[in-house]
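Please open the model in a viewer and keep the sequence panel visible beside it. The stops below are meant to be selected one after another.

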Amino acid sequence: MDKDASVRSVFESEAAGEEIVENNRCKPHTVISVEGYDTSLPEDDIKSELINHFKSCGEVFNVILREDPDSPNLDTRALVILLGEGAEEKALQLNGTDIGGWKALVKVEPEEEEEDEETQRYESFLIDELTNDRRFWYGVTVSGYNTSLPADEVKTCLKQHFSSCGEITHVFVSTLEKITNIYFHQEEGEARALHLSGSEVGGFKIDVERVATIFTNCPPPFPSPSDEIYFGYCIPAHMIEFSGVIEDKVAAFKKQRRLI
C-alpha cells in the first residue's frame, strides 16, 4: 500500500482523505500514533492538546480519535497526520514529553499490510461455519405487519403466530427494511409457514415468502458453462445479518495477533 492510501485509510471518510491527498500531493506526510492521555477527557480537549503539541513538527492536518468498543471512553490511541519535511523525526523527538500533565508515547504508524494467511484462514473459517449453520437452513421472510411496533414486540407476536409451524431457531427483525426473517429447525416448518401468507397478525394481513438460504439461493456453478446464464442468486440473508459480527471477530483476531 502506498503512502497516499495509508493517509486515506485513517480519515473518517474516503472523500476527506482524497481531498487531503489531492491538495497536498507534493508535501511529505507521516502518520503517528499517540498514547498516554486520559481517555475519559472530552474528545475536543484531547484533540486541541495534540494539535498544539505537534504543530511545531509540521502542518497538523488531522487528529483521529476513535471510541473504545469495550468501554464508554475513547480508544487509548490517537492518530495524528503531519505534513512537511522532517515531520516524522520531529514528532518522534517528542516521545515522553509532557502534554498537560500526561506523557506522550509517540510512534510512527506503519503502513497497512496485507492480511496474513492465518487471518485469512480464520475469516474463511468463520464464513464457512456461518454459511453452513443448520439454524439458517430453512426460513421465511415476513412483511405487512404493523411496523410501528417496537422490534421486540414484533418478534414476540410473530414467534407466537408461527409457533405452530415447528421449532423456531432464529428471528431477525429488520426495522430498516420492515421485514422479519424467521428460521425453522425442519424444512416442514418452512413449508407450513408459507401457508400462513395472507393470515392476520394484530389486524394486519401478512405476506410470507421464502427467505434467501443456502438451499433456496444456491450459487451458480464456477466456472459456469459459457452458454448458460444464471439469474436470481443473492447472498443468504443471515450472512448479511451477521456480517458485522464476522468483521468484529476478525478485527479482534488481528489485534490479538499483534500483541503476541
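Which residues of H7 are buried? Select helix H7, residues 187-194, in this predicted model: Gly 189, Glu 190 and Ala 193 are buried there. Turn the view to look down the axis of H7; the buried residues fall within an arc of 100°, so they line one face of the helix. An α-helix has 3.6 residues a turn, so residues three or four places apart point the same way. Now display the surroundings of that face: the buried residues of H7 pack against E7, H6, E9 and E12.

**The sheet beneath H7**

Helix H7 lies across E7, E9 and E12, and its direction runs at about 25° to that of E7. Extend the selection to the sheet as a whole, an open one of 4 strands in the order E8-E9-E7-E12 with antiparallel pairing. Strand E8 (168-174) and strand E12 (207-210) are the edges; each has a single partner strand, so one side of each is left without a neighbour in the sheet. From one strand to the next, the twist averages 20°.

Add helix H6, residues 151-162, which packs on this sheet and touches E7, E8, E9 and E12. The direction of H6 makes about 140° with that of E8.

**Strand pairs**

Select E7 (residues 138-143) together with E9 (residues 179-184): 5 bridges pair them in the antiparallel sense. Label Gly 139 and look for its bridge partner in E9, which is Tyr 183.

Move next to E8 and E9, which run antiparallel and are joined by 6 bridges. Here Phe 172 stands opposite Asn 181 in E9. Follow the chain through the hairpin of E8 and E9, where 4 residues lie between the strands. Lys 178, in this hairpin, takes a positive phi near 60°.

**Two buried residues elsewhere**

Select Ser 33, found in strand E1 (residues 29-35). Is Ser 33 buried or exposed? At a relative accessibility of 4%, Ser 33 counts as buried, because the cut-off for that class is under 20%. Show what surrounds Ser 33: beyond its neighbours within four places in sequence, its contacts are Arg 77, Ala 78, Leu 79, Leu 105, Val 106, Lys 107 and Glu 109.

Then centre on Leu 83, which belongs to strand E3 (residues 74-83). Leu 83 is buried, with 4% relative accessible area. Measure from its C-alpha to that of Thr 30: the two residues are 53 apart in sequence, yet 6.6 Å apart in space.

**The whole chain**

Zoom out to the full protein, whose secondary structure comes to 9 helices and 12 strands. Of its 260 residues, 33% are buried. Among contacts with a separation of 6 or more, 63% are between residues 24 or more positions apart. The accessible surface comes to about 16,000 Å², and carbon and sulfur atoms account for 50% of it.

Finally, colour by pLDDT. The average for the protein is 81, and 79% of the residues score at least 70. Among the elements, E9 has the highest mean, 97, and helix H1 (residues 3-9) the lowest, 43. Select residues 1-18, over which the pLDDT is below 50; this stretch has 33 contacts in the model beyond near neighbours in sequence. Where pLDDT is low, the predicted coordinates should not be read in detail.

Conventions
Residues numbered from 1 in each chain as written. Predicted model: local features only at pLDDT ≥ 70, side-chain atom pairs only at ≥ 80, totals over all residues. Heavy atoms only, no water. Pairing = 2+ DSSP bridges. Helix = DSSP H or I, 4+ residues; strand = E, 2+ residues; numbered from the N terminus. Axes fitted to C-alpha atoms, helices over the stretch in contact; angles between N-to-C directions. Contact = heavy atoms within 4.5 Å. Buried < 20%, exposed > 50% of the residue type's maximum accessible area, 1.4 Å probe, protein only. pLDDT = per-residue confidence, 0-100. Arc of directions from axis to C-beta. Areas by Shrake-Rupley, 256 points an atom, 1.4 Å probe, with all protein chains shown as cover.
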